[in-house]
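The exercises below ask the reader to reason from a structure to its packing, pairing and ring contacts. Each task is followed by a worked solution.

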Amino acid sequence: MNIMDFNVKKLAAEAGTFLSRAVQFTEEKLGQAEKTEFDAHLENLLSKAECTKHWTEKIMRQTEVLLQPNPNARIEEFVYEKLDRKAPSRMNNPELLGQYMVDSGNEFGPGTAYGNALIKSGETQKRIGTADRELIQTAAINFLTPLRNFIEGDYKTITKERKLLQNKRLDLDAAKTRLKKAKAAEARAAIWAEEVSKSEQEVRIAQSEFDRQAEITRLLLEGISSTHAHHLRCLNDFVEAQMTYYAQCYQYMLDLQKQLGSFPSTVFANHNQSSTTCVPSSSSTTPSASVTASLSSVSNSAASSTFVELKSSSGSRKARVLYDYDAANSSELSLLADEVITVYSIPGMDSDWLMGERGNQKGKVPITYLELLN
């Protein structure tokens, strides 16, 4: 027998098997043939595997949306992953916002209250962006990758073996159908005895192959419990990563709030006064609003008068720094929040500035960053 004859016979056998399965499947759907049912334990395992696959896919996709809300960015990452190439690094949303804030703060002037606040807010947003990158990386490695490995690996193997089991069941039931027909014909003619013996042998072989495949499939399906245990550990890692991320963000924003909250009262008093000036007076103004405006004006006047007295005198005073200040040039003195320095005025100095000394260092400092001590 040459190779061509062997291949032809092999293809003919495969075609015959396929046709036999198709006929058996069709007759089962029409209720014209009996069907071997899987045992209850195997059915439960199959149902559990299907349920695990369904919810794992949903959780995985929504986690991807949570970590990367931009659908175009997710598609790009998917393409680069399939091409086994590294996606180009881009700034995420917090980092981009932070960069805009820093740039605008430098444009307005780091020596101004608003510019300095923008710079500090921008730096905080950048730190949040870095924490966001760490969360995405940790979640991808410890959570998304194991889920994806199950869908693309373990469950594909289960699906393959389940399909083989279904085919073995169809072969077994087709063999049983042929045996049943042969036995029915045996009563009419002795010539069918050989056919019955052949059909019985086919049933025994098909039953053996079905039982073997059922055992293989059952062993794979029983591994779903281990999969659940593994995914539970991965879920704990994901929750811990989120906890770390949100704790970092909270600490960053708390620090920023303290820095912004340490602005001198004169800055906000001036803001309140300018806002009040823009609103026409009305007879419906409440007494509490009037009192607040008066208190702000008094506070502003008192603070301003203290600095005026210092600038008109030749002495020096101790002052507490309200929040950080980065010197714009060599003539200015950088400040750290809560430190105490010595300040005094010199003739010809701008009304918004004083000279500050800290040890051997000296330079101009903005009075809005200072609180004079008694």
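The model shown is predicted, and four exercises on it follow.

**Exercise 1. The largest nonpolar core**

Task: Determine which residues touch the most other members of the largest nonpolar core, and which helix supplies its largest share.

Solution:
- Step 1. The largest nonpolar core has 21 residues, and the members that touch the most others are Phe38, Leu42, Leu165 and Leu221.
- Step 2. At least two residues of this core come from each of helix 2 (40-67), helix 5 (113-186) and helix 6 (193-222).
- Step 3. Helix 5 provides the largest share, namely nine residues.
- Step 4. A second core, of 19 residues, lies apart from this one, and Tyr344, Leu354, Met355 and Tyr369 are among its members.
- Step 5. For the contacts of a single member, take Leu42: leaving aside residues up to four places away in sequence, Leu42 touches Leu165, Arg218 and Leu221.
- Step 6. As general background, nonpolar side chains in soluble globular proteins tend to be buried together.

**Exercise 2. The sheet**

Task: Establish the strand order of the open sheet and identify its edge strands.

Solution:
- Step 1. The open sheet consists of five strands in the order 4-3-2-1-5, and their pairing is antiparallel.
- Step 2. Strand 4 (361-366) and strand 5 (370-372) each pair on one side only, and they are the edge strands.
- Step 3. From one strand to the next, the twist averages 40°.
- Step 4. Strand 1 (residues 316-321) and strand 2 (residues 340-344) run antiparallel and are joined by five bridges.
- Step 5. Within this part of the sheet, Ala319 stands opposite Ile341 in strand 2.
- Step 6. The loop between strand 1 and strand 2 contains Asp338. Asp338 is not a glycine, yet has a positive phi of about 75°.
- Step 7. The relative accessibility of Asp338 is 54%; the cut-off for exposed is over 50%, so Asp338 counts as exposed.

**Exercise 3. Two ring pairs**

Task: Classify the ring pairs Phe38–Phe210 and Tyr323–Tyr369, and decide whether their residues are buried or exposed.

Solution:
- Step 1. The structure holds eight aromatic pairs. In the pair of Phe38 and Phe210, the ring centres are 6.2 Å apart and the planes lie at 15°. Planes under 30 degrees apart count as stacked, so this pair is stacked.
- Step 2. Phe38 lies in the loop between helix 1 (3-29) and helix 2, and Phe210 in helix 6; the pair links distant parts of the chain, 172 residues apart.
- Step 3. Buried means under 20% relative accessible area. Phe38 has 17% and is therefore buried, and Phe210, at 7%, is buried as well.
- Step 4. For Tyr323 and Tyr369, the centres are 4.1 Å apart and the planes are at 25°, so the pair is stacked.
- Step 5. Tyr323 is in the loop between strand 1 and strand 2, while Tyr369 is in the loop between strand 4 and strand 5, 46 residues apart.
- Step 6. With a relative accessible area of 1%, Tyr323 is buried; Tyr369, at 0%, also counts as buried.

**Exercise 4. A ring cluster and charges over rings**

Task: Find which residues ring pairs link into a cluster, and which charged ends sit over the rings of Trp353 and Tyr252.

Solution:
- Step 1. Tyr323, Tyr325, Trp353 and Tyr369 are linked into a cluster by ring pairs.
- Step 2. Over the ring of Trp353 sits the charged end of Lys364, 5.3 Å from the ring centre.
- Step 3. Over the ring of Tyr252 sits the charged end of Arg127, 5.6 Å from the ring centre.

Technical notes. Residues numbered from 1 in each chain as written. Predicted model: local features only at pLDDT ≥ 70, side-chain atom pairs only at ≥ 80, totals over all residues. Heavy atoms only, no water. Core = buried A, V, L, I, M, F, W, Y, C linked by side-chain atoms within 4.5 Å. Buried < 20%, exposed > 50% of the residue type's maximum accessible area, 1.4 Å probe, protein only. Helix = DSSP H or I, 4+ residues; strand = E, 2+ residues; numbered from the N terminus. Contact = heavy atoms within 4.5 Å. Pairing = 2+ DSSP bridges. Axes fitted to C-alpha atoms, helices over the stretch in contact; angles between N-to-C directions. Phe/Tyr/Trp six-rings, centres within 6.5 Å; stacked < 30°, edge-to-face > 60°. Lys NZ or Arg CZ within 6 Å of the ring centre and 35° of its normal.
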